[in-house]
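Student: Can we go through this one together? I'd like to practise reading a structure piece by piece.

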Number of protein chains: 4
Amino acid sequence: MSGAYGSTFATWRAGAEAPWQAYTHHAFVEGLRDGSLPRSAFLAYLVQDYVFLRHFSRAWALALMKSDTLEEMRTAATTVDALVNHEMGLHVETCARHGISEAELFAAEELAPNLAYTRYVLDAGVSGDFLDLMAALAPCVLGYGEIGARLAAEKAPDTPYGEWIATYADAEYQGVCEAVGQMIDGAIAHRLGDAPEASPRWSRLQAHFTRATQLEVDFWQMGLDAA
Amino acid sequence: MSGAYGSTFATWRAGAEAPWQAYTHHAFVEGLRDGSLPRSAFLAYLVQDYVFLRHFSRAWALALMKSDTLEEMRTAATTVDALVNHEMGLHVETCARHGISEAELFAAEELAPNLAYTRYVLDAGVSGDFLDLMAALAPCVLGYGEIGARLAAEKAPDTPYGEWIATYADAEYQGVCEAVGQMIDGAIAHRLGDAPEASPRWSRLQAHFTRATQLEVDFWQMGLDAA
Amino acid sequence: MSGAYGSTFATWRAGAEAPWQAYTHHAFVEGLRDGSLPRSAFLAYLVQDYVFLRHFSRAWALALMKSDTLEEMRTAATTVDALVNHEMGLHVETCARHGISEAELFAAEELAPNLAYTRYVLDAGVSGDFLDLMAALAPCVLGYGEIGARLAAEKAPDTPYGEWIATYADAEYQGVCEAVGQMIDGAIAHRLGDAPEASPRWSRLQAHFTRATQLEVDFWQMGLDAA
Amino acid sequence: MSGAYGSTFATWRAGAEAPWQAYTHHAFVEGLRDGSLPRSAFLAYLVQDYVFLRHFSRAWALALMKSDTLEEMRTAATTVDALVNHEMGLHVETCARHGISEAELFAAEELAPNLAYTRYVLDAGVSGDFLDLMAALAPCVLGYGEIGARLAAEKAPDTPYGEWIATYADAEYQGVCEAVGQMIDGAIAHRLGDAPEASPRWSRLQAHFTRATQLEVDFWQMGLDAA
């Protein structure tokens with residue numbers, strides 16, 4: 001299904017095979033699938049993910065600052081709004097049901113693997129251009145889409161994490177992934193032409209994608225360790 | 001009416017009396033009011049204002065990057081989305097009716113007073129913090145609200161610019177101004193406490209507000225000169 | 001002589017022929033050459049140029065933030081240090097001889113053409129990558145080298161501006177130009193390969209170079225107008 | 001001895017007592033002092049520290065971009081130059097003696113605790129102002145000064161790490177610490193006045209200092225773990 005996320009993503013994903021497998025099939029993910037993930041690990045993850053979304057929305061705001069075309073601007077503006085005014089709200093609701101308030105979420109201590117990941121992504125954009133930022137943002141956006149779609153098909157009927165899985169498996173989020181993937185393909189063509197892998201910049205873009213994927217692995221692990 | 005935009009704005013506005021008058025009562029503005037503004041000046045302005053909105057939305061994206069509270073984040077995210085996915089579209093529609101396409105708008109040459117203004121605002125944020133950026137953003141957002149409200153009351157019945165006036169006079173835009181003004185008051189209190197004018201930073205914030213107001217004067221003049 | 005500044009500069013320069021001529025042969029420049037430039041224009045320029053150097057050094061600091069290789073880092077670090085700890089000092093000395101203190105220089109009102117230029121250069125870097133910034137920085141660094149070298153050969157024996165001319169004509173500054181030009185050639189090859197003009201990015205880089213050149217024309221004109 | 005580094009540092013240090021102790025008396029530091037640190041740990045640290053210096057010099061470049069006074073600009077410009085053109089060279093020489101080339105250093109894989117630290121510092125500056133950046137930069141600059149001065153007094157006569165200790169204990173580096181500490185005091189007074197701890201911003205500045213101190217602890221630990 002991830003073919004729907006565009007050709008750039010497919011190439012980057014193939015270029016990070018081992019870390020991509022470690023990320024998308026992490027024990028945390030498998031615990032969501034079969035329901036064996038401890039509730040405490042899930043909640044610790046949710047709290048950190050709320051802090052993550054705060055900085056991830058800042059990274060998409062940076063993407064808007066570095067956009068070159070109308071399509072790039074619109075995708076970034078829509079994503080910023082969706083993250084801040086929608087997805088952060090979903091976390092607030094879920095956490096509220098488990099007795100964690102929004103003020104607690106906003107004030108939660110940011111653990112080191114969380115901090116490392118978002119600041120790396122932000123600096124990929126600050127130090128480079130729109131493409132560097134996209135390569136560092138892609139593993140989160142598109143990896144969650146891939147994980148959601150797979151878990152929706154493979155999940156245990158009684159996993160208590162069906163709602164989380166549905167969030168990323170449903171048509172709306174899959175549509176976001178397809179739009180972002182298509183926009184990235186356009187951004188690549190706009191800047192590197194029709195043979196982007198021949199560009200001297202390709203190895204650096206791949207390095208950003210691979211590093212961000214490794215930081216996703218650390219993020220899941222942080223959730224398990226915090227349980 | 002501008003009292004509704006908060007106490008910080010009221011103080012900054014009082015601290016920039018002469019340029020604020022020059023901005024809000026510029027010959028271009030009076031020409032909108034009484035209908036004497038040449039159509040060619042209005043169209044030249046609209047084209048430049050489209051380019052302006054592109055960079056102004058980048059400045060609000062920077063505001064999101066530099067936000068410290070949920071309210072700041074939400075105001076910035078909502079504004080970014082409104083500018084890119086709504087207000088830029090309004091300009092496209094208006095220009096389309098006068099035979100100017102969106103591609104032409106996006107590719108329009110940015111005149112020097114336009115460039116000077118937006119890049120100054122962006123750099124106020126890059127070089128400073130959220131407050132520096134707000135002081136530089138405020139004259140545009142809130143000045144247009146003040147101009148729109150006044151012109152709605154004073155306009156000639158037959159001015160052809162009634163639609164432009166209504167855009168900034170109507171309840172929706174006035175609500176944006178009130179929300180932004182309130183958010184700025186909160187941002188000031190959050191960082192400078194309850195006696196912000198006693199802070200050593202106040203003079204620099206006032207300087208940003210005053211400079212941005214002067215750059216608004218240059219922007220109207222650019223519209224007249226381009227006719 | 002400008003061939004010594006590298007092949008990228010030669011191409012950009014050829015791509016901005018009319019504005020480059022307007023910049024390097026501006027009436028202000030010719031007044032330096034033949035000595036006819038009013039002293040008041042020169043001093044007004046010097047004061048603005050001091051403010052310019054302050055923000056230009058910020059742009060070179062941004063270049064260091066966006067460097068990818070050791071050579072880029074070293075060139076940027078050396079330039080930052082030279083601008084802040086050496087060239088700004090030269091302006092201070094010259095101005096002091098004419099009764100203008102350093103505190104006055106640091107507090108001087110920045111005129112609009114000055115503001116427009118430096119903020120444009122800074123935003124070229126913020127919105128793009130190292131190459132976008134280099135394309136916007138090059139006209140100042142290398143144009144002054146070209147002007148200095150030409151005026152040293154063509155100047156009237158009795159022009160009172162011999163010291164200014166010598167600053168940019170002498171071996172030290174020419175060496176800086178050669179090093180920067182060579183570094184830019186390397187930065188281009190590092191990111192765009194050996195056929196950089198075939199890259200989709202080339203037109204944008206040329207646009208930055210051309211725009212910055214036009215902003216140099218406005219800067220000289222500001223000096224004349226301020227007399 | 002650290003009283004010489006200014007009153008702001010003294011207050012921040014007192015506000016981070018436990019992590020400051022964990023940082024300045026880490027097992028890695030004690031191993032440098034008594035000579036028990038494995039050579040492999042030291043070399044692993046040196047390689048990571050070279051990568052660290054690369055990004056730390058970028059953070060000082062950002063400080064120059066966000067400077068408000070001549071003193072701030074000069075301190076930042078001098079530090080950038082010292083880090084890139086001097087201190088990185090010292091690491092190159094030391095590593096060369098142990099068979100590690102500069103190209104290897106520049107290409108070394110950046111470990112996660114290293115990445116987390118520098119990107120956090122950079123983002124403190126991007127998201128905030130000059131003071132936020134200084135609060136995040138201070139633990140490294142001034143902590144190394146404090147560690148160097150203490151170890152010079154307490155070191156075992158036969159520790160093989162005398163040269164490292166001397167680098168940070170000698171008058172030149174201590175002078176840097178005093179100048180930076182004094183500049184920070186000035187920067188605080190310039191923006192927050194003479195009762196800075198009463199400012200609503202103080203808690204956030206303290207949080208940056210404390211977090212950066214914790215990231216220093218992780219950095220030493222990374223050196224031990226890599227042995």
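**Cavities and helix contacts**

Tutor: Sure. Keep in mind that this is a predicted model. We start with the second largest cavity, whose lining is made of B:Arg119, B:Leu122, B:Asp123, B:Val126, C:Arg119, C:Leu122, C:Asp123, C:Val126 and D:Met65.

Student: Which helices each supply at least two residues of that lining?

Tutor: Look at the chain letters: B:Arg119 and B:Leu122 are among the lining residues, and so are C:Arg119 and C:Leu122. The helices that each give at least two residues are α7 (112-127) of chain B and α7 of chain C.

Student: How many of the lining residues of the second largest cavity are charged?

Tutor: Sort the lining by class. Five residues are nonpolar and none is polar. The charged ones number four.

Student: And how much space lies in the second largest cavity?

Tutor: Start with the whole set: the structure has four cavities of 30 Å³ or more. The largest has a volume of about 210 Å³. For the second largest, the space is about 60 Å³.

Student: Which residues are closest to the centre of the largest cavity?

Tutor: The largest cavity is lined by 19 residues, and by class they are 12 nonpolar, three polar and four charged. Closest to the centre are A:Val126, B:Val126, C:Leu62, C:Val126 and D:Val126.

Student: Which element of chain B gives two or more residues to the lining of the largest cavity?

Tutor: Chains A, C and D each contribute through α4 (39-65) and α7 (112-127). For chain B, the element listed is α4 (39-65).

Student: α4 of chain C also packs on α8 (residues 130-154) of chain C. At what angle do they pack?

Tutor: Their axes are 11 Å apart, and the crossing is left-handed. C:Leu62 is one of the α4(C) residues in this contact, and C:Phe130 is among those from α8(C). The angle is about 145°.

Student: What classes of residue make up the contact of α4(C) with α8(C)?

Tutor: C:Phe52, C:Phe56 and C:Trp60 are among the α4(C) residues there, and C:Leu133 and C:Leu137 are among those of α8(C). The full count is 14 nonpolar, no polar and one charged.

Student: Now α5 (residues 70-97) of chain A and α5 (residues 70-97) of chain B: within what distance do their axes come?

Tutor: These two helices cross at roughly 145°, and the crossing is left-handed. The contact includes A:Leu70 and A:Met88 of α5(A), plus B:Leu70 and B:Met88 of α5(B). The axes come within 9 Å.

Definitions and conventions: Residues are numbered from 1 along each chain as its sequence is written. Chains are lettered from A and ligands numbered from 1 in the order in which they are written. This is a predicted model: local features need pLDDT of at least 70, side-chain atom pairs count only at pLDDT 80 or more; totals for chains, interfaces and linings use all residues. Side-chain values use heavy atoms; hydrogens and water are left out. On a 1 Å grid over the protein atoms alone, a cavity is a set of points where a 1.4 Å probe fits but cannot get out, and a pocket is an open set with protein on both sides within 12 Å along at least five of seven lines; lining residues have an atom within 4 Å of a point. Grid points are joined across faces, edges and corners, and a volume is the space filled by probe spheres set on the points. Helices (H or I, at least four residues) and strands (E, at least two) are DSSP runs, numbered from the N terminus. Ala, Val, Leu, Ile, Met, Phe, Trp, Tyr, Cys and Pro count as nonpolar, Asp, Glu, Lys and Arg as charged, and the others, Gly among them, as polar. Axes are lines fitted to C-alpha atoms, for helices over the stretch in contact, and angles run from 0 to 180 degrees between N-to-C directions. A crossing is left-handed if the near helix is turned anticlockwise from the far one by less than a right angle, and right-handed if clockwise. Contact means heavy atoms within 4.5 Å.
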